[in-house]
There are 2 protein chains.
Amino acid sequence: MKELVSRCPIEEVMQVLSGRWPTLLIYYLSDGTKRFSDLQRDNPTISHKMLTLELRKLEDAGIVQRTDFDGYPRRVEYDLTPAGLRLVPLIDALGDWWEGVSGGDVLPDVVTVRTT
Amino acid sequence: MKELVSRCPIEEVMQVLSGRWPTLLIYYLSDGTKRFSDLQRDNPTISHKMLTLELRKLEDAGIVQRTDFDGYPRRVEYDLTPAGLRLVPLIDALGDWWEGVSGGDVLPDVVTVRTT
DNA sequence: TCATGGTTACAAAAATGTGCGTAATTTACG
DNA sequence: CGTAAATTACGCACATTTTTGTAACCATGA
């Protein structure tokens, strides 16, 4: 999704939020400040390249704030901006909606087994 | 985004809604029933292959209902399911949120010019 | 020398576009 | 009457584009 085709705000948001990582990163950041390495631990399967790319995209979109501290060891912290915080409930609402749609057949292999 | 990595409903929704087309198609379908060719007209840049693929994905996710009518000329209609209808306001909210974030600098070349 | 948080170039994988073929039915032509 | 052409909504194979992974390298400071 390199370019926009529709002049529609919906397409513009999706350009930022599309993909596996953006919403997950926002979700983890809604916990509070995180370092680069924290986010790597939260999402063990993301490559460091993707992590930097996605964080930059979120930063450019005004959703995430990046702070690079002096000193040792190097420390870079990521937080949600006020706009990012306002986005969180909207993303949560999508998650809740989905749990309603998929009517409980999410995580089929983790379903509680009653042992009577 | 072929597979899920997180057991998180947020990642699951995004697997369905990610990309340029899903939310746009839902948006157009929120207008009411549309035929395949209507959706092609609404989004002139989508290829027929992508249109069928995306519509199938939305159908499988329970967001869109497909009805194939007998007769000539062939007619296939697409509608939002009740779940799809419930999703619409959430998508709209994202669009509104974005218009707030990007603070009016959307559509810079369409900004109203006061002629006073 | 190690740790953190990167960047860059190259390669692999995934998504998307293109063009052709098909099915069912109706209409048009000779 | 027989047959060819048109319409809609696809499916499929192959090619191109875009995204993502991998591995190597860089800077800072203890």
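The exercises below work through the sheets, the protein interface and the DNA contacts of a predicted model.

Residues are numbered from 1 along each chain as its sequence is written, and chains are lettered from A, with ligands numbered from 1, in the order in which they are written. Because the model is predicted, local features need pLDDT of at least 70 and side-chain atom pairs count only at pLDDT 80 or more, while totals for chains, interfaces and linings use all residues, and side-chain values use heavy atoms, with hydrogens and water left out.

**Exercise 1. Describe the open sheet of chain A, giving its strand order, its edges and its pairing.**

Step 1. Helices (H or I, at least four residues) and strands (E, at least two) are taken as DSSP runs and numbered from the N terminus, and two strands pair if DSSP finds at least two bridges between them.

Step 2. In chain A, 3 strands form an open sheet in the order β1-β3-β2, with antiparallel pairing. The edges are held by β1 (34-35) and β2 of chain A, each with a single partner strand, so one side of each is left without a neighbour in the sheet.

Step 3. Between β1(A) and β3(A) there are 2 bridges, and A:Lys34 stands opposite A:Tyr78 in β3(A). Strand β2 (residues 64-69) of chain A is joined to strand β3 (residues 75-80) of chain A by 6 bridges, and A:Gln65 has A:Asp79 as its bridge partner in β3(A).

Step 4. The hairpin of β2(A) and β3(A) has 5 residues between the strands, and A:Gly71 takes a positive phi near 105° in this hairpin.

**Exercise 2. Set out the strand order and the edge strands of the sheet in chain B.**

Step 1. Chain B has an open sheet of 3 strands in the order β1-β3-β2, paired antiparallel. Its edge strands are β1 (34-35) and β2 (64-69) of chain B, each of which pairs on one side only.

Step 2. Over 6 bridges, β2(B) and β3(B) pair in the antiparallel sense, and in β3(B) the residue B:Tyr78 stands opposite B:Arg66.

**Exercise 3. Characterise the interface of chain B and chain A by its contacts, buried area and polar pairs.**

Step 1. Taking contact to mean heavy atoms within 4.5 Å, one finds 42 residues of chain B in contact with 42 residues of chain A.

Step 2. Buried area is the accessible area (1.4 Å probe) that two parts lose on being put together, summed over both; between chain B and chain A this area is about 3,800 Å², with 75% given by carbon and sulfur atoms.

Step 3. A salt bridge is a side-chain nitrogen of Lys or Arg within 4 Å of a carboxyl oxygen of Asp or Glu, and the rule finds 2 across the interface. One of these links A:Glu11 with B:Arg20, the closest N and O atoms being 3.0 Å apart.

Step 4. A polar contact is a pair of N or O atoms within 3.5 Å; within protein, one must be able to donate a hydrogen and the other to accept it, and residues adjacent in sequence count only if both atoms are side-chain atoms. Between chain B and chain A, 10 residue pairs are in polar contact, both residues being at pLDDT 80 or more.

Step 5. On the side of chain B that touches chain A, α1 (9-17), α2 (21-29) and α5 (82-101) of chain B each supply at least two residues, and α5(B) gives the most, with 13 residues.

**Exercise 4. Identify the residues nearest to DNA strand C and some of their polar contacts.**

Step 1. A residue is near a molecule or strand if one of its heavy atoms lies within 4 Å of it. There are 20 residues around DNA strand C, of which A:Arg66, A:Tyr78, B:Met1, B:Lys49 and B:Met50 come nearest.

Step 2. Of the atoms of DNA strand C within 4 Å of the protein, 70% belong to sugar or phosphate and the rest to bases.

Step 3. The side chain of A:Ser37 has an N or O atom 3.1 Å from a phosphate oxygen of DNA strand C, whereas a backbone N or O atom of A:Arg74 lies 3.1 Å from a sugar or linking oxygen of that strand.

Step 4. The largest share of the surface near DNA strand C, 4 residues, comes from α4(A).

**Exercise 5. Identify the residues closest to DNA strand D and locate contacts to its base and phosphate oxygens.**

Step 1. DNA strand D is surrounded by 20 residues, the closest being A:Met1, A:Lys49, B:Thr52, B:Arg66 and B:Tyr78.

Step 2. A polar side-chain atom of A:Lys49 lies 2.3 Å from a base oxygen of DNA strand D, while an N or O atom in the side chain of B:Arg66 is 2.3 Å from a phosphate oxygen of DNA strand D.

Step 3. The largest share of the surface near DNA strand D, 4 residues, comes from α4(B).
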